[in-house]
Amino acid sequence: MACRDAVVEGGLALARVWVAAWQSAYAGLMPAEYLAGLDADQARSRFEQSLRASPSVLVLELDGDILGFSAYGASRDQDAGPATGEVIAMNLHPSSWRRGLGRELLRETLLRLQGRGFSEATLWVIHGNARARQFYEALGWRRDGVEKHDDKLTGFALHELRYRIALPTMT
């Protein structure tokens, strides 16, 4: 297993992971017709375009197969200071859940943020996503009290909670 920087040519593999992860993780949390309509082939160009624009995407690879990915960078939140990074997205193929792979991907993502000089990180979790919330809380992430209802990503409002963690300073 290895974490490495994503490349544009991996856009379809990332789109496939994204579709599988969302269809499993958000069943019952998002409209079924929306989830059923997710299509990796259609999403491919969006992933490739995103990778061209922002190289801050890690992939988790095992035996040549991409099992997950994370996107990270400076926090996009208006109330964030310059020392706050963000885990913008983290998706793992459902066949890889509960094997310690998500923990490894998140660890490497936080190391990348720390290497860029961030002293804390945030991420957003859908309110009803108990599995993700338990995962992050078990790793020391805590809700910071900020919530939002955002429809930019899906076209319908998602109730999201912000989590935060301190990053150790590098010496």
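This report walks through a predicted model, from a pair of helices to the nonpolar cores and then to some residues in loops.

## Two helices that cross

A good place to begin is with helix α1, which covers residues 11-25, and helix α3, which covers residues 40-53. Their axes come within 8 Å of each other and cross at roughly 120 degrees. Angles from 65 to 115 degrees count as roughly perpendicular and those over 145 as roughly antiparallel, so α1 and α3 are described as oblique to each other. The crossing of the two helices is right-handed.

Which residues of α1 and α3 make the contact? On the α1 side they are G11, L12, L14, A15, R16, W18 and V19. On the α3 side they are A40, D41, A43, R44, R46, F47, E48 and L51. Sorted by character, the residues of this contact comprise nine nonpolar, one polar and five charged.

## The largest nonpolar core

Moving on to the interior, the largest nonpolar core has 24 residues. Within this core, V87, L110, L113, Y136 and W141 touch the most other members. Several elements supply at least two residues each: the strands β2 (57-62), β3 (65-74), β4 (84-92), β5 (120-126) and β7 (158-166), together with the helices α4 (101-115) and α5 (130-138). The largest share, five residues, comes from α4. As background, nonpolar side chains in soluble globular proteins tend to be buried together.

Y136 is a handy residue to look for in the model. Leaving aside residues up to four places away in sequence, Y136 touches M90, L106, L123, V125 and W141.

## A second core

There is also a separate core, made of 23 residues. Among its members are A6, V17, L35 and V57.

## Two loop residues with positive phi

Most residues other than glycine have a negative phi. Two residues in this model are worth a look with that in mind. D63, in the loop between β2 and β3, has a phi near 50 degrees, a positive value in a residue that is not glycine. R98, in the loop between β4 and α4, is not a glycine either, and its phi is positive at about 65 degrees.

Are D63 and R98 buried or exposed? D63 has a relative accessible area of 75%, so D63 is exposed. R98 counts as exposed too, because its relative accessibility is 81%.

## The loop between β6 and β7

The loop between β6 (142-150) and β7 holds D151, and A157 lies in that loop as well. D151 has a relative accessible area of 44%, which makes it partly exposed. A157, at 56% relative accessibility, counts as exposed; the cut-off for exposed is over 50%.

What does D151 touch, not counting residues up to four places away in sequence? Its partners are F156 and A157. Seen from A157, with neighbours up to four places away again left out, the residues touched are D150 and D151.

Distances help to place this loop in the wider model. The C-alpha atoms of A157 and L29 are separated by 11 Å, although these residues are 128 residues apart along the chain. D151 and L123 are 28 residues apart in sequence, and their C-alpha atoms are 17 Å apart in space.

## Around helix α3

To finish, here are two residues that bring the tour back to α3. D39 lies in the loop between α2 (32-36) and α3. Its relative accessibility is 32%, so D39 counts as partly exposed. From D39 to P168, 129 residues apart along the chain, the C-alpha atoms are separated by 39 Å.

Q49 lies in helix α3 itself. Why does Q49 count as exposed? The reason is its relative accessibility of 55%, since exposed means over 50%. Q49 and G100 are 51 residues apart in sequence, with 30 Å between their C-alpha atoms.

Conventions. Residues are numbered from 1 along each chain as its sequence is written. This is a predicted model: local features need pLDDT of at least 70, side-chain atom pairs count only at pLDDT 80 or more; totals for chains, interfaces and linings use all residues. Side-chain values use heavy atoms; hydrogens and water are left out. Axes are lines fitted to C-alpha atoms, for helices over the stretch in contact, and angles run from 0 to 180 degrees between N-to-C directions. Helices (H or I, at least four residues) and strands (E, at least two) are DSSP runs, numbered from the N terminus. Angles under 35 degrees count as roughly parallel, over 145 as roughly antiparallel, 65 to 115 as roughly perpendicular and the rest as oblique. A crossing is left-handed if the near helix is turned anticlockwise from the far one by less than a right angle, and right-handed if clockwise. Contact means heavy atoms within 4.5 Å. Ala, Val, Leu, Ile, Met, Phe, Trp, Tyr, Cys and Pro count as nonpolar, Asp, Glu, Lys and Arg as charged, and the others, Gly among them, as polar. A nonpolar core is a set of buried Ala, Val, Leu, Ile, Met, Phe, Trp, Tyr and Cys residues joined through side-chain atoms within 4.5 Å. Buried means under 20% relative accessible area, exposed over 50%, partly exposed in between (1.4 Å probe, protein chains only).
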